[in-house]
Amino acid sequence: MSTRRLAALLALLELCVAAYLEIERARGRSVACPLGGGGCETVQHSRYSHLAGIPLPVLGLLGAVAMLVTTLLPGPRARTAALVIAFAGALFSLYLAGLQAFQIHAYCAWCLTSAVIWIALAVTTAIGWLRADE
């Protein structure tokens with residue numbers, strides 16, 4: 001499997017995670033928390049759940065769509081755009097994981113899953129960029 005196809009698959013997976021989080025947020029419902037203990041709900045309702053008034057799942061959806069589109073486009077510009085988006089997503093996800101650990105003191109399994117996906121996207125797109133993998 002090429003790095004582009006793997007990145008597209010990961011972007012689609014991230015799109016699913018972000019869509020689930022946004023659908024539940026828009027419905028006013030708490031997400032199902034596989035870790036138990038209410039960590040997902042605590043994170044979901046924390047003051048850090050919005051950035052400049054925009055709910056984080058909406059930002060996740062926008063990032064995942066941008067990532068998916070750039071992985072499907074051919075050429076060096078698309079590869080570079082995918083790399084930049086993936087690294088921005090990974091860094092932002094690490095920042096949010098830090099907030100969960102040091103400010104919110106609760107963990108959301110969905111958010112951590114998203115962070116793992118963004119890190120995998122960063123690694124995958126970096127490899128593809130270095131190889132100029134179409």
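Which residues form a nonpolar patch on the surface, and about how much accessible area do they have together? The legends below take up this patch and several other sites in a predicted model.

**Figure 1. The nonpolar patch on the surface of the predicted model.**
Leu91, Leu94, Ile119, Val123 and Ile127 make up the patch, and together they have about 430 Å² of accessible area. Two helices, helix 4 (76–104) and helix 5 (109–131), each contribute at least two of its residues. Helix 5 provides the largest share, with 3 residues. Isoleucine 127 is one of the patch residues and is located in helix 5. Its relative accessibility is 35%, so isoleucine 127 counts as partly exposed.

**Figure 2. The largest nonpolar core and the residues with the most contacts inside it.**
This core comprises 24 residues, and Met67 and Leu121 have the most contacts inside it. Two or more core residues come from each of helix 1 (3–27), helix 2 (39–44), helix 3 (56–72), helix 4 and helix 5. Helix 1 gives the most, with 7 residues.

**Figure 3. Contacts of leucine 121.**
Apart from neighbours within four places in sequence, leucine 121 touches Ala7, Leu10, Ala11, Met67 and Ala86. Met67 thus appears here as a contact of leucine 121, and both residues are named as having the most contacts inside the largest nonpolar core.

**Figure 4. Cysteine 111 and cysteine 108.**
The model has 0 disulfides. For cysteine 111, the nearest cysteine sulfur belongs to cysteine 108 and is 3.1 Å away. A disulfide requires the two sulfur atoms to be within 2.5 Å, so a pair beyond that cut-off is not counted. Cysteine 111 has a relative accessible area of 26% and is therefore partly exposed.

**Figure 5. The salt bridge between arginine 25 and glutamate 22.**
Salt bridges in the model number 3. In the one shown here, the closest N and O atoms of arginine 25 and glutamate 22 are 2.7 Å apart. The two residues lie 3 residues apart in helix 1, which means that about one helical turn separates them. How exposed or buried is each partner? Arginine 25 is partly exposed, at a relative accessible area of 30%, whereas glutamate 22 is buried, at 12% relative accessibility.

**Figure 6. The salt-bridge network of Glu24, Arg27 and Arg29.**
Glutamate 24 is part of helix 1 and takes part in two pairings. With arginine 27, the N to O distance is 3.7 Å. With arginine 29, the closest N and O atoms are 3.0 Å apart. Glutamate 24 and arginine 27 are 3 residues apart in helix 1, so they are separated by about one helical turn. Glutamate 24 counts as buried because its relative accessibility is 7%. Of its partners, arginine 27 is exposed, with a relative accessible area of 54%, and arginine 29 is partly exposed, at 42% relative accessibility.

**Figure 7. Surroundings of glutamate 24.**
Which residues is glutamate 24 in contact with, leaving aside its neighbours within four places in sequence? They are Arg29, Ser30, Val31 and Gln44. Among them, Arg29 is also a salt-bridge partner of glutamate 24.

**Figure 8. Leucine 12 and valine 65.**
Leucine 12 belongs to helix 1. Along the chain, leucine 12 and valine 65 are 53 residues apart, and a distance of 8.1 Å separates their C-alpha atoms. With a relative accessible area of 42%, leucine 12 is partly exposed.

**Figure 9. Threonine 80 and tryptophan 129.**
Threonine 80 sits in helix 4. Its C-alpha atom is 6.8 Å from that of tryptophan 129, and the two residues are 49 residues apart along the chain. Threonine 80 is partly exposed, its relative accessible area being 33%.

Definitions and conventions. Residues are numbered from 1 along each chain as its sequence is written. This is a predicted model: local features need pLDDT of at least 70, side-chain atom pairs count only at pLDDT 80 or more; totals for chains, interfaces and linings use all residues. Side-chain values use heavy atoms; hydrogens and water are left out. Patches are made of residues with over 30% relative accessible area and no salt bridge: like charges are joined within 9 Å, nonpolar side chains (Val, Leu, Ile, Met, Phe, Trp, Tyr) within 5 Å. Accessible areas come from the Shrake-Rupley method with a 1.4 Å probe; for residues, only the protein chains shown count as cover. A salt bridge is a side-chain nitrogen of Lys or Arg within 4 Å of a carboxyl oxygen of Asp or Glu. Helices (H or I, at least four residues) and strands (E, at least two) are DSSP runs, numbered from the N terminus. Buried means under 20% relative accessible area, exposed over 50%, partly exposed in between (1.4 Å probe, protein chains only). A nonpolar core is a set of buried Ala, Val, Leu, Ile, Met, Phe, Trp, Tyr and Cys residues joined through side-chain atoms within 4.5 Å. Contact means heavy atoms within 4.5 Å.
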